[in-house]
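Student: Could you walk me through this model before I go back to the bench? I would like to begin with the strands and then move on to the charges.

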Amino acid sequence: MGKQQKRYHLYTYLMQQMGNNLRSSGNPYKPDFVENKFRDFFERVDKIIHIINMYTENFAKGNKEAASTRICIDAIRNPYEALYFKDKYKSFHLMAISTDDVDRRVRLKHLNEEELENLDSIEYARKLKKPEEVFYHQNIQGCLEVADIHVYNKNIDNGKYHDLTKQLIKYIALMLHPGLVTPTHLERCMQLAYNAKYNSGCLSRQVGAVVTREDFSIQSIGWNDVPKGQVSCNLRDISSFCVNKDKESFSSFEIEDSKFNNIMETLNTQMSGKASGRCKSFCFKDVYNGMQNDKNQVYTRSLHAEENAFLQISKYGGTEVKNGYLFTTASPCELCAKKAYQLGIKNIYYIDPYPGISQKHILTFGKDNNPQMKLFYGAIGNAYLDFYETRIPAKDELEMLTNISVKDIAKGNKKDPKIEYEDLIYHSVAVEFRFVKGRSVVQNSRTVNFKMKKPIEIIPKKIVWTGSTYNGTKLVDADDGITMEEKKGDMPYTYNIIIDKKLWGNDEIHYKTITNAKDEKRIMEPYLAHMVKNKTKELELILVTPKGIVKNVRKVIYADLSMETKIEDKKIYTCVKTKSEDVLTYTFKPSVVNVNYTYAIEWEFEK
């Protein structure tokens, strides 16, 4: 342990070191990097998730009220841990719980300044000794950059974390039901800055920025990159420099300076055959600072994101931004902080703190109209899209859940009698979806056998068809006394099964309907789903398709009627071949059918 680390809080140091060792070698006591072992941590957590899901699945088979399991992985410290789970699980979101640096230091007051600096040197490592350390060393800054939910845990005196609780409740609710609310102004603006950063060709870090007026109207967007017309750093290749030295890609200094040329030749020779076909890009600032034995930031080729956004306003005619806001994915450096101050920016919203003195030295200087640093909180990135995109239009969802049509009530139409889940018992339901002529002609049949536990005159039915054309539903087979009435209107399409009184005492009533539709515009959602609203003993979903139309066919179970809480998603590996070898039939017959669940066959379309 080095001299500085001896002053460390021992427990914290040991836990951090053992965490790094686990990531690097799979062993808490071995620090050496083992290439085929550093994924052990990911795989161990993945196995635990699999065990929990298996338990939930088995528990649900015998319990109609079984809830799905939601898993929280605490204390992720390396961004590649988060990226692994993001790639593997669509519903994974990385939540960063942050606070202002002043409040953070108050909470760590048991540490002296030296211990605090050592803690930061581990958690916010700026320079790593070995390239492979990026995969296992703690990197809080990297985690902040890939986090898509940011929660602000501000300091309080009363012990009641109302603001923190409200934030957590909001995002958990949006995980369970996207589209409940719309994004805040802060989320909308920071999402634009977050998207803008991907335009950056910087080799070190991508940053995005947005400038708004006081009403949050967007005035400009910027990202860190070279001036317009110059070639970005990520596209400039060392080998191309050594061979061509073209003036479109490289500056006169780079082409003419002999010392710079010698360094580039050395780099090209040492990298030869090791880049695996990648562009051997280089950072001019690193090369020049190495030549000068310096650390000066002025030699960077790129404009900073905030600087770029400010200049866009001036370049294209100017607009007043006094008392406006700056949104940036990383807090501004000293140079950009001065520009924000000069422009009269009121608030600077940021995600990742910049390791400089811009706040203490620039932004807090003076008494009046200082820009205020505001730690961003909200959902961005994938979480922004997942949380605020409604899966089903809200009015359609409400009508499906309540069985009440606002339009029909407004027209004065007679309301269909409400049927409770125990009023009908379905002995069997078979739903078949068939591609008759490719995707241009499709047909859906529904064969039902049921018993009534109380007299019912009308059973209302709904069809959600996402394809191009709906051609109606017909009753093609039924017991005497069963008729059908189709209602005209937009999706969801509706019809009524009308039951004659003479059938009320029967133990089993039978009918079959066929729906004809088209998807000539190839826009339909790739699934067949059945929502279980009444007790059902047997359910069978069938997909019949010619070869070459669908792929990756899966059986999926949702623990709700709005298809949000998925508890099972498995491939249907086998299919039954019909008499024609060119037609395939996929069948999903769940062993237990739960009320208020949705059962589906889902697939992907072949291109």
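Student: In which sense do S9 and S18 pair, and over how many bridges?

Tutor: S9 and S18 pair in the parallel sense, over six bridges, where two strands count as paired if DSSP finds at least two bridges between them. Please keep in mind that this is a predicted model, in which local features need pLDDT of at least 70 and side-chain atom pairs count only at pLDDT 80 or more, while totals for chains, interfaces and linings use all residues. Residues are numbered from 1 along each chain as its sequence is written, and side-chain values use heavy atoms, with hydrogens and water left out.

Student: Which residue of S18 is the bridge partner of Arg434?

Tutor: The bridge partner of Arg434 in S18 is Val544. S9 also runs parallel to S17, joined to that strand by two bridges, and there Tyr426 has Thr536 as its bridge partner.

Student: How are the strands themselves picked out?

Tutor: They are DSSP runs numbered from the N terminus, with strands (E) of at least two residues and helices (H or I) of at least four.

Student: OK, what about S9 and S10?

Tutor: Strand S9 (residues 424–437) and strand S10 (residues 441–452) pair in the antiparallel sense over 12 bridges. Lys437 has Val441 as its bridge partner in S10, and Val429 is likewise partnered by Val448. The hairpin of these strands has three residues between them, and Gly438 takes a positive phi near 55° there.

Student: Which other strand is joined to S10 by nine bridges?

Tutor: That is strand S15 (residues 509–518), which runs antiparallel to S10, and in S15 the bridge partner of Asn449 is His510.

Student: Switching sheets, what is the order in the open sheet of three strands?

Tutor: The order is S11-S14-S13, with antiparallel pairing. Strand S11 (458–463) and strand S13 (482–487) stand at the edges with a single partner strand each, so one side of each is left without a neighbour in the sheet. The twist averages 25° from one strand to the next, taking axes as lines fitted to C-alpha atoms (for helices over the stretch in contact) and angles from 0 to 180 degrees between N-to-C directions. S11 and strand S14 (residues 493–499) pair over six bridges, and Ile463 is partnered by Tyr493.

Student: And how are the four strands of the other open sheet ordered?

Tutor: That sheet runs S16-S23-S19-S20, again with antiparallel pairing. Its edges are strand S16 (527–531) and strand S20 (566–571), and each has a single partner strand, so one side of each is left without a neighbour in the sheet. Here the twist averages 20° from one strand to the next.

Student: Now charges: how many salt bridges does the structure hold?

Tutor: The structure holds 16 salt bridges, each being a side-chain nitrogen of Lys or Arg within 4 Å of a carboxyl oxygen of Asp or Glu. One of them joins the side chains of Lys88 and Asp46 (2.5 Å, N to O). Lys88 lies in helix H4 (residues 79–88) and Asp46 in helix H3 (residues 40–61), so the pair ties together parts that are 42 residues apart in sequence.

Student: Where is Lys537 placed?

Tutor: Lys537 is in the loop between strand S17 (535–536) and strand S18 (539–546).
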